[in-house]
Amino acid sequence: MRRSPRATSLALVSSIALLLMACAPGTSTTPSTSASASQSTAASESASASEAAACTPETMQTKTPGTLTVGTDNPAFPPYFAEPEEGEDVPEPWSDGVGNPYNGRGFESAMAYALAEELGFTEDQVQWIQVPFNNSIAPGPKDFDVYLAQVSFTEERTQAVDLSEGYFFSNQALVTTADSPLADATSLADVAAAKLGAAGNTTSLTYITDKIQPSQEPRVYDDNTGAKLGLEAGQVQGVVFDAATAYYIVNVEMANGVLVGQLPSDPGEQEHFSFVLDKDSPLTDCVDQALLTMGENGELDSIAAEWLSDIVDLPFIGE
């Protein structure tokens, strides 16, 4: 797992501390120094125990005591959420949708339950609520404790909400139709000459304007469904989505869709998905620590490998 800048900083601080300890003279330790080290170790252990105690279902300040309320958008699309199996009970408001967040299948459903478990919640202590994507990142108090719906981290969004450490690192991808010249695009220059579209208020639209810099003004849609329909109607020649969404749209929703490839990111600038929380939420540190632990023990990679293996191996469009 690639870590976010905050995770990298934590790792760097730990490395420096270990290096200083390794370089300390081993034969000149006085009794007072030894006592100081023991006190420091005891204080560190006490702080760690205190942090762990603060991150339990009994002590965390969740919206409903003893319950982790998770928000996501509706419809809840695969591969992030899985379609219900025959006879599976699907609670409202997802009963008429595509995916069922409660079943624990699909990348983000599995991720939410894994986070809940790391924080000490059982499956029956997780409650899902419907929240439109744009509402999740708008200023103001939220009805959820955490929210996930492929929300990419941006500094701008952190002005209104807290965004957690990354739980998945992704690239943007280009979708077109089989009869479009863009189907054979091999460079960003090829892409820049086309009429492009994306959903508004997304990092996909930002990528078009900032990285591709097309010769024509991109068309902005209300959501990903609108962008896909615009492509099928010939309003645009290509649409940019995050890679996992692009894969699903081409393979499930479009009859003649083509996933041209992933779009390149600058080194260190690959975007990541974050959980959304209230601005200055008392839960943010607990969620961050849980995700760092899940990254270190391989759980984040394991969940991605199970549900997103086809997306990770998509080819790149060259610069």
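A disulfide is a pair of cysteine sulfur atoms within 2.5 Å. Keep that cut-off in mind for the first stop. One more thing before we start: this is a predicted model.

So, the disulfide. By that rule, the count comes to one. Cys55 is joined to Cys286, with the sulfurs 2.1 Å apart. Which hand does it have? The torsion about the S-S bond is about -80°, so this disulfide is left-handed. Now look at where the two ends sit. Cys55 is in the loop between α2 and β1, and Cys286 is in helix α9. The pair therefore ties together parts that are 231 residues apart in sequence. Cys286 is buried, at 7% relative accessibility.

Stay in the loop between α2 and β1, because Thr62 lies there too. Is Thr62 buried or exposed? Its relative accessible area is 10%, so Thr62 is buried. The side chain of Thr62 makes two approaches to backbone oxygens that I want to show you. The backbone oxygen of Thr64 is reached at 2.8 Å. The backbone oxygen of Thr67 lies 3.2 Å from a polar atom of the Thr62 side chain. Leaving aside neighbours within four places in sequence, Thr62 is in contact with Thr67, Phe121, Asp145 and Leu283.

Next, charges. Side chains of opposite charge can pair when their charged atoms come close. How many salt bridges does the structure hold? Three.

Take Asp278 and Lys63. Their side chains meet in a salt bridge, 2.5 Å from N to O. This pair links distant parts of the chain, 215 residues apart. Lys63 is in the loop between α2 and β1, while Asp278 is in the loop between β10 and α9. Asp278 is buried, at 14% relative accessible area. Lys63 counts as partly exposed, at 39%.

Now Glu88 and Arg105. Here the N to O distance is 3.2 Å. Both residues lie in the loop between β1 and α3, so the bridge ties together parts 17 residues apart in sequence. Glu88 is partly exposed, with a relative accessible area of 22%. Arg105 is partly exposed as well, at 21%.

Then Glu253 and Lys228. The closest N and O atoms of this salt bridge are 3.5 Å apart. It runs from helix to helix: Glu253 is in α8, residues 243–253, and Lys228 is in α7, residues 224–232. They are 25 residues apart. Glu253 is partly exposed, at 26% relative accessible area. Lys228 counts as buried, at 11% relative accessibility.

Last stop, the nonpolar interior. The largest nonpolar core has 54 residues. Which of them touch the most other members? Phe107, Met111, Trp128, Tyr167 and Phe275. Helix α3 gives this core its largest share, eight residues.

Pick out Tyr167. Setting aside neighbours within four places in sequence, the contacts of Tyr167 include Phe107, Met111 and Phe275. Leu148, Leu291 and Leu300 are among them too. The list is not purely nonpolar: Glu108, Gln150 and Ser274 are also in contact with Tyr167.

Apart from the largest core lies another one, of 17 residues. Its members include Leu182, Ala194, Ile212 and Leu263.

To recap. One disulfide, Cys55 to Cys286. Three salt bridges. A largest nonpolar core of 54 residues, and another of 17. That's the tour.

Key:
Residues numbered from 1 in each chain as written. Predicted model: local features only at pLDDT ≥ 70, side-chain atom pairs only at ≥ 80, totals over all residues. Heavy atoms only, no water. Salt bridge = Lys/Arg side-chain N within 4 Å of Asp/Glu carboxyl O. Helix = DSSP H or I, 4+ residues; strand = E, 2+ residues; numbered from the N terminus. Buried < 20%, exposed > 50% of the residue type's maximum accessible area, 1.4 Å probe, protein only. Core = buried A, V, L, I, M, F, W, Y, C linked by side-chain atoms within 4.5 Å. Contact = heavy atoms within 4.5 Å. Polar contact = N/O pair within 3.5 Å; in protein donor to acceptor, adjacent residues only side chain to side chain.
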